[in-house]
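The exercises below are meant to be worked through with the sequence and the structure side by side. Try each task before reading the solution that follows.

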Amino acid sequence: MIIINEFREYQDVVEEIAKEYYYINLRIFKDSANSVPRNQCGDIYIPAIKDKDVFAAELTHEVGHSVNDPITLYNYLKALHRVKEALSIDETTVMRIGNAICDIINEYHISKNKKLSNYRAKGLKKVFKEWFKGSNNIQKLLWAFYNEIHNMKIKELKSIFADEVKELKGIFLSLIHI
């Protein structure tokens, strides 16, 4: 259900996404132009995005954090613990990559819904060149993972991290039922 939507210009997209995430109350706020989209205790903050497809992609992802992962602090900590054990990494490292871990789990769930995955892929393809050039290695790995699971067909991403993406899929398939 849509409780608050400050993006009236994208009401149709918000309604479509709300249908897919039918069991959550959506509160969507416009944030400053240079802010990062985020889910803060269930409230969705997205900068004033001028492209409807990019907005839909960001909204899909941020709402997913309330529905798919981490959902609760307990789930978040449980996932981090399982990744720490699976990868044999120290606690400091796992905490540093915690958001990426939740993003991977969230995106995997999104990829299983054709409509949401299409929203995500369409928006990400539009911002790929701009966002990818400033990415660090973890972000590049996430891009390669998104390319694979959302079937985005971005040629530049097919060859990089191919083995790592396969390994990630295996590890995170075990985490999706936390």
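**Exercise 1.** How many aromatic pairs does the structure hold?

Solution. The model is a predicted one, and a search through it gives 7 aromatic pairs. Take as an example the rings of Phe7 and Phe55, whose centres are 4.6 Å apart and whose planes meet at 40°. Planes under 30 degrees apart would count as stacked and those over 60 as edge-to-face, so this pair, at 40°, is tilted. The pair links distant parts of the chain, since Phe7 belongs to the loop between strand S1 (2-5) and helix H1 (11-20), whereas Phe55 belongs to helix H2 (residues 52-67), 48 residues apart.

**Exercise 2.** Decide whether Phe7 and Phe55 are buried or exposed, and describe what surrounds the ring of Phe7.

Solution. Begin with the cut-off, by which a residue is buried when its relative accessible area is under 20%. Phe7 has a relative accessibility of 0% and therefore counts as buried, and Phe55, also with a value of 0%, is buried as well. Next, look at the aromatic neighbours: Phe7 and Phe55 form one aromatic cluster together with Tyr10. Finally, turn to charge, where the charged end of Lys30 is found over the ring of Phe7, 5.2 Å from the ring centre. An arrangement of this kind also involves Arg120, which lies over the face of Tyr146 at 5.7 Å from the ring centre.

**Exercise 3.** Which residues of H1 are buried, and where do they lie around the helix axis?

Solution. First list the buried residues of H1, which are Gln11, Val13, Val14, Ile17 and Ala18. They cover an arc of only 160° around the axis, and therefore they lie on the same side of H1. The spacing can be understood from a general property, because an α-helix has 3.6 residues a turn and residues three or four places apart point the same way. As a last step, ask what these residues pack against: the partners are S1, strand S2 (26-31), H2 and helix H6 (114-132).

**Exercise 4.** Place Gln139 in the structure, and find what its side chain lies beside.

Solution. Gln139 is located in helix H7 (residues 137-149). Its relative accessible area is 36%, and because partly exposed covers the range between 20% and 50%, Gln139 is partly exposed. A polar atom of the Gln139 side chain lies 2.8 Å from the backbone nitrogen of Asn136. Gln139 and Ala100, for their part, are 39 residues apart in sequence, while the C-alpha to C-alpha distance between them is 8.2 Å.

Technical notes. Residues numbered from 1 in each chain as written. Predicted model: local features only at pLDDT ≥ 70, side-chain atom pairs only at ≥ 80, totals over all residues. Heavy atoms only, no water. Helix = DSSP H or I, 4+ residues; strand = E, 2+ residues; numbered from the N terminus. Buried < 20%, exposed > 50% of the residue type's maximum accessible area, 1.4 Å probe, protein only. Polar contact = N/O pair within 3.5 Å; in protein donor to acceptor, adjacent residues only side chain to side chain. Phe/Tyr/Trp six-rings, centres within 6.5 Å; stacked < 30°, edge-to-face > 60°. Lys NZ or Arg CZ within 6 Å of the ring centre and 35° of its normal. Arc of directions from axis to C-beta. Contact = heavy atoms within 4.5 Å.
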